[in-house]
Amino acid sequence: MANTLFKGDLAEVSFGKETGLRANGYTGQTNWSHLSTTGNESTLTFGDNNYWVSGGNILLPDNLLVGCTLKIEGGDAYSADHFTNTKRTYYITGVDTTNARITVQPAMLTAINTASKTGDNVVIDFFKAPTFEGTMTDAAQQAKTDQFIGLLNEFAIPEPQIDVRKQHIVGLGRDVNVITSGRETMSGGNIQLNAHTMRWIKYALGGHTARSQGEFAFSSVAGTAVGGLPLNIKTGTPTTGLFAVQVYGTDTTDDSISAVNTSTLAMTNNGETGNMLLGGRAATDTGTDITLDSNIATLFENAGATGGVFKVLSSAGAVLYGSYGSISSAVMGSCADIDSGALARAQTDNKAVYVLAAVESDISTGDIRVSVGATNAAKFTAGSTYVQIIDKDKFTIPGQDEAVTSRQIHKHELRRVIGIGSTNGGDAGYIYVEEPFMFDHTATSCGVERLQYGSNSNRGSAHIDSTSKELQFGVTHTYFGHDVLPSFTIEQSFRQKDVEADSKQLLRLYSGCKATSATVSADTEGEVKLEVAYEASRHYTETTNTITPHRMFDNTANTSTNRKISGIAIDGEKPFLFQDVNVNVFGRPVLRGTEFSLQVANSTEARWFIRGYEGTTSDNDQVQHGGTQMPLEITEGQREYTFTMRAMVEDDRMWEELRTRRHHRNTNDITITMTKVGSNATRETATITLEDYTIMKADHQVPSDKGPVFAEIELVVRHMKVTENSPYYIM
């Protein structure tokens, strides 16, 4: 019968980022300790003071971290296991969610029941470690695999293939005498979709920066800020502070605000409405100083005394960021533009200048937390707010432009907040983010803003207008080739019945996934296509019927706000279409092109290592044999780009390119520009740029049907960059 079968209409797929975890030791608190050792396995126990433990439960499904690596860093009482000095790395072989325990191999050297102290930190690497779900319970377990994969045409799981070893024994006949099961290979994963965003290009290239327009105050009634005030406005009632507001998108300014009350969300004497930048009132200034009419400490909660970032609006109401190098009373010194014109605007009398919240300690590549101070950290809500880092420093992306400055982009990053530190956790003032940071950030060079989604564009929420399709407060994402690819986890479930958690369900999580290749293509048939091939390093099977699967439109992207969070905003789910794509090659538009295809190949390779498993095994284990038969990691190899197109021949330019072997370096970049359908100029867009390329093939065959001559062109490309303007904070 139909209701006893797994059917495609009841299958669900989603994905999520991999983040890793951190547990801080704290003198006087039992945040974690070495509980026991049996043979070559040790068990650690964790307390509720950790941001990823609640009610005595780890906020991840049982055994989901099996196969991940764990280190002790900054050892105090656990100096015998301190990675920096001993280089000891542990492999997780078991996770007891109910009792908040993690089992590792090999055995730890520090004695059992040793209380961890300040400086004893447990760090679990991000690879194969899905982001935890803060609302999870022991009875209804989940990982944060809540992201929409896309408008899928075809989808293939990287099903494991077991290397079965067959042995013929001399003297025992011709048949196989011994069969043993060896390592598991998980390749063959494939995603084919109509591209409503270019988010999967991030996972194929690795590099990513993101910048929104930040947070704003919003008032539907003059004098009132509805929903909340920007993060760094001083808590309390600064009665002596002089504020100003400028309405977003205009030069309309009100400089008569004498107080801001963060309890009642009132702005005294404010006569403006709509989205507006709220900040200190600027006095006329010159040089590299910015002077406000009130002391900065009176207006803002946490400004960096020795450096940070400020924000203003241009005369057209556009967002401009700048930097400062010092603060003294009401003066910011050593100021400079991040965006052209920011400094001059901040020196204009009576304009609003907002100082971003300071980062209190440097951020290193791979970190998963930011120190913003205890007061500001408490203003974030785990799971539903985002943190944006605006950085004045730049990063040089791969490219062949002769001028290095043309390849430099600011190290702006955007992350979802998943945890808030606490005093008892030994991490007061920290916020924890989903997905490790890609860049180093010097505290004196950057500042942070808080972002959140709403059902409309209030307070600067990214939003698509349902009538004009205008993208309001869009986010600019840039993807580029980087040395490391981000990993992700795929969740896939089959059910027999249309219920949230079917007792007969087959739910699997494939973690440590990396993109082996990605292809963007278009023809005159309709949508722009995006295909991603990927492989995994671990599969996990739900065996206890305690995991609630993500059903995208039932329990995940089930409201307009949640759809934005998951990456399928209402009116943003439409794909890019062929008739809205413009292609430029050899410095000229291709007017008679009928199809193109762009591919990036990463030469990834799964790797296994000699490591035994000393634990006990059961058929109910979600990950068999402690994951030792699965790849420990996937490493990237050489990256290659190819671009092919088919075009009706109008002249001899393509043949001349081949005949003369022209190498286009620093000139005539290939650009592929895509724009969503809509009536407003500000819409979702994506631009692919290919630079440093040469033609390899240009077939001009005589058509046997006597029709037009078509050329089949193939180019070899060295570098690729994608810039996308979208309604999504994360990709």
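Select strand β31, residues 385-391, in this predicted model. Its side chains divide into two sets: Thr385, Val387, Ile389 and Asp391 point one way, while Tyr386, Gln388 and Ile390 point the other way, and all are buried. In a regular strand the side chains alternate between the two faces of the sheet. The strand is mostly covered, with 7 of the 7 residues of β31 buried.

Add strand β36, residues 446-452, to the selection. It runs antiparallel to β31, and 7 bridges join the two strands. Two residue pairs serve as markers: threonine 385 stands opposite glutamine 452, and aspartate 391 stands opposite cysteine 446. Now add strand β34, residues 413-420, which is also antiparallel to β31 and is joined to it by 4 bridges. Here the marker is valine 387, which stands opposite arginine 415.

Widen the view to the whole sheet. It is an open sheet of 6 strands in the order β29-β36-β31-β34-β35-β30, with antiparallel pairing. Its edge strands are β29 (357-358) and β30 (369-371), each of which pairs on one side only.

Which cysteine sulfur is closest to that of cysteine 335? Select cysteine 446, the residue already met opposite aspartate 391. The sulfur of cysteine 335 lies 16 Å from that of cysteine 446, its closest cysteine sulfur, which is too far for a bond. Cysteine 335 counts as buried because its relative accessibility is 5%, under the 20% cut-off. Move next to cysteine 513. The closest cysteine sulfur to that of cysteine 513 belongs to cysteine 68, 12 Å away, again too far for a bond. Cysteine 513 is buried too, at 0% relative accessibility. With a limit of 2.5 Å between sulfur atoms, the count for the model is 0 disulfides.

Turn now to the nonpolar interior. The largest nonpolar core contains 107 residues, and those with the most contacts inside it are Trp52, Leu65, Ile102, Trp200, Ile201 and Phe643. Strand β41, residues 506-523, gives the most to this core, with 8 residues. Apart from this core lies another, of 58 residues, among them Val245, Ile290, Ala357 and Val370.

Centre the view on tryptophan 200. Leaving aside residues up to four places away in sequence, tryptophan 200 touches Phe15, Ile149, Ile191, Leu193, Phe488, Leu530 and Val532. Next, select asparagine 194, which is found in strand β14, residues 189-194. Asparagine 194 is buried, with a relative accessible area of 11%. With the same sequence neighbours left out, the residues that asparagine 194 touches are Leu151, Asn153, Glu527, Val528, Lys529 and Pro575.

Proceed to threonine 69 in strand β7, residues 69-73. Is threonine 69 buried or exposed? Its relative accessibility is 19%, and it therefore counts as buried, the cut-off being under 20%. Beyond residues up to four places away in sequence, threonine 69 touches Thr89, Tyr90, Tyr91, Val123, Ile124, Asp125 and Leu632. For a distance across the model, draw a line from threonine 69 to valine 722: the two are 653 residues apart in sequence and 33 Å apart in space, C-alpha to C-alpha.

Keep β7 selected and display the largest pocket, which has a volume of about 1,100 Å³. Of the 48 residues that line this pocket, Asp125, Phe126, Thr365, Gly366 and Pro436 are the closest to its centre. Asp125 is also one of the residues that threonine 69 touches. The elements that give two or more residues to the pocket lining are β2 (21-24), β7, β10 (121-124), β30 and β48 (633-635). Which element provides the largest share of this lining? It is β7, with 4 residues. β30, another contributor to the lining, is an edge strand of the sheet visited earlier.

Finish at the enclosed space. The count is 1 cavity of 30 Å³ or more, and the largest cavity has a volume of about 100 Å³. It is lined by 14 residues, of which Val590, Ala647, Glu650, Arg653 and Met654 lie nearest its centre. The elements that give two or more residues to this lining are β45 (588-589), β49 (640-648) and α8 (653-660). To close the tour, select β49, which supplies the largest share of the cavity lining, 3 residues.

Technical notes:
Residues are numbered from 1 along each chain as its sequence is written. This is a predicted model: local features need pLDDT of at least 70, side-chain atom pairs count only at pLDDT 80 or more; totals for chains, interfaces and linings use all residues. Side-chain values use heavy atoms; hydrogens and water are left out. Buried means under 20% relative accessible area, exposed over 50%, partly exposed in between (1.4 Å probe, protein chains only). Contact means heavy atoms within 4.5 Å. A nonpolar core is a set of buried Ala, Val, Leu, Ile, Met, Phe, Trp, Tyr and Cys residues joined through side-chain atoms within 4.5 Å. Two strands pair if DSSP finds at least two bridges between them. On a 1 Å grid over the protein atoms alone, a cavity is a set of points where a 1.4 Å probe fits but cannot get out, and a pocket is an open set with protein on both sides within 12 Å along at least five of seven lines; lining residues have an atom within 4 Å of a point. Grid points are joined across faces, edges and corners, and a volume is the space filled by probe spheres set on the points.
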